[in-house]
Amino acid sequence: MDAIADAGAGARAFAGPAIEARGLTKRYGDVVALDALDLSVPTGSVFGFLGPNGAGKTTTLRLLTGLGRPTAGTAVVAGIAVGTGRLDLGRRIGYLDQDPRFYGWMTGRELLTFVGRAYGMAGAALRSRVDEVLEMVGLREAARRRVGGYSGGMRQRLGVGQAMLPRPAVLFLDEPVSALDPEGRRDTLALIGRLRGEATVFMSTHILTDVERICDRVAIVDRGRLVTEAPIDELLARHARPILELDPEPGQAAAVARLAERLGAAPWTRDVRDDHGVLRVVVTDAGQAAAEALPLVVAAGVRLARFERVRPTLEDVFLQLVGNGAAEGPDVGATIAEPAP
Amino acid sequence: MTGFGLLLGKEIREQARTMRLLAVVVVFAIMGLISPVFARYVREIVEAIGGGQFQGMIPAPTVADAVAQLTKNMGQFGVVAAILVAMGTVAAEKERGTAAFLLTKPIGRGAFVAAKIVAIGTLLAVAVAVAGALCWVYTTILFEPLPVPGFAGALVLVWLSLAAFAAVTFLASVVTPSGVAAGGIGFGVFIVVGILSALPGIGSYLPTSLWGAANLLALGTVPDPLGGPVVVSVAIVLGSLGLAWWRFRRQEL
């Protein structure tokens, strides 16, 4: 039996969830990077692991892949209790680091062949799988080039490819599309989405639109603690509040600022955000808001190009649950502002 | 040792592709080449530079000078090369993230460490062999042939001394997070051993005393005592590598 078949069998050989963490904790001195994480990831799901920078996402991935040792708690991945140096764990997982680094002297094809051999693959089966992966990640043309000459995006695509190559039972992807251009992001997300049912994908990211697009379930962590974990639809139904979007015509900055202030002071408003010139108003009472918002607009003297009640997004839920601390974080604001590919 | 063969192949290809193999072999080849040449012509050079004032002051060169020059060069530039080769082996992979890339795959940490050790040992062996071969040829041309078994034994002793410094540096490369720090520790140990080697009693047991033993062995004389420094050097190599494996086995990456 070759390694691919073995990995495939491994995907089905364990009972229960693909990932199960109980009280997983990691401390660095006085700093608690991860605080008693309880998590259960269903087999075959595409799972989004969200949080602002420094929330503990990468720490969690390092513990679950055996690169780090927990201070307390346990975790089981694909039926294997995680720990450093576990070969049986390595046989069942694929891993992409958030800043993937490979041997620059190898060509892309050599690197994938090397990875395949590490999983016991050989001969025609390996060559064929390497060709297939190169095609999937769009690196066929660059397969003979040295990895040291690859751009950040190409390296990330190679990283996704090497993680997928052995068809692992559980695929850990740490920010898998952060360095990709819009087209690369679209293609890679589609690739990841197609793995649903074949493998369990555990994807850490802070790009919320990506998560909303391909994930079945999400967990949100903040400051090392799990804030919530649920299917996306359930999360939206449970936490999302109605949102009004007010899109003012250009050249009214002072009046728009005045309007934002008045909207913020209204008793039915929970939060007002300026999202690239569009005011997004999270409301607590949709009926009252619909009746009173427009008079406030008129009173502020703002001319609107659009006034709309919109469906809340994961981003709205995220900001609501994680709060202003995350919004003020170094990257979250930029991420939120990032257009969908 | 799962993945040892794969990783050893990767290490050797890496040495070849990154020119490390070529650079180290060339440095050692130069040492092997110039040692007998320098020994043979140093008197003429000094006398020519001195304009006759050193005439007769420097004794006529002998084959022993060629061998001594080789071991002296190996004991300086060879050790520096061994430290440079070993300092980044593990630390650089940890720094770059390639260790994490490898060790989330079904590859044993023991295999990771062992492949690097064997690759370093092989690189130094090839380099010493090339240097020795060139030195032997030029010594034969300029002086007289050296006894082959004794000279080969001398090269083994030189290799063992270099391996001892490389092993300590390798341990530092596992323990510390940066290759520069590992190199610093390697050079620090080199200096300390150099100072200790001057002490009576201790000095004759240190790896540095292997160079004197190598001189004698190359000329066909069995040095006495040989067992002490050999045992100590082997113990340093095995102890350092054992500690490196033990430390790396559960190290967080």
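Two strands are said to pair if DSSP finds at least two bridges between them, and the strands themselves, like the helices, are DSSP runs numbered from the N terminus (H or I over at least four residues for a helix, E over at least two for a strand). With these terms in hand, one can look at strand E11 (residues 243-248) of chain A, which pairs with strand E13 (residues 278-283) of chain A in the antiparallel sense over four bridges, and where A:Leu246 stands opposite A:Leu279 in E13(A).

The model is predicted, and local features need pLDDT of at least 70, side-chain atom pairs count only at pLDDT 80 or more, while totals for chains, interfaces and linings use all residues. Residues are numbered from 1 along each chain as its sequence is written, and chains are lettered from A and ligands numbered from 1 in the order in which they are written.

E11 and E13 belong to an open sheet of four strands in chain A, whose order is E12-E13-E11-E14 and whose pairing is antiparallel. Strand E12 (269-275) and strand E14 (304-310) of chain A are its edges, since each pairs on one side only, and from one strand to the next the twist averages 15°. Across E11, E12 and E13 of chain A lies helix H10 (residues 253-265), running at about 160° to E12(A), whereas helix H11 (residues 286-300) of chain A lies across E11, E13 and E14, at about 15° to E11(A); such angles run from 0 to 180 degrees between N-to-C directions, with axes fitted as lines to C-alpha atoms, for helices over the stretch in contact.

On the wider scale, chain A is divided into domain 1 (3-231) and domain 2 (241-311), with bounds from an automatic or database domain assignment, and 41 Å separate the centres of the two domains, taken over C-alpha atoms.

Chain A also touches chain B, in a contact that takes 23 residues from chain A and 22 residues from chain B, where contact means that C-beta atoms, placed from the backbone, lie within 7 Å. Helix H3 (87-90), strand E6 (93-96) and helix H4 (108-118) of chain A each give two or more residues to the side that touches chain B, and H4(A) provides the largest share, four residues.

Finally, B:Ala166 is in contact with B:Ala82, B:Ile83, B:Val85, B:Ala86, B:Ile120 and B:Leu124, leaving aside its neighbours within four places in sequence.

Methods:
Two residues are in contact if their C-beta atoms, placed from the backbone, lie within 7 Å.
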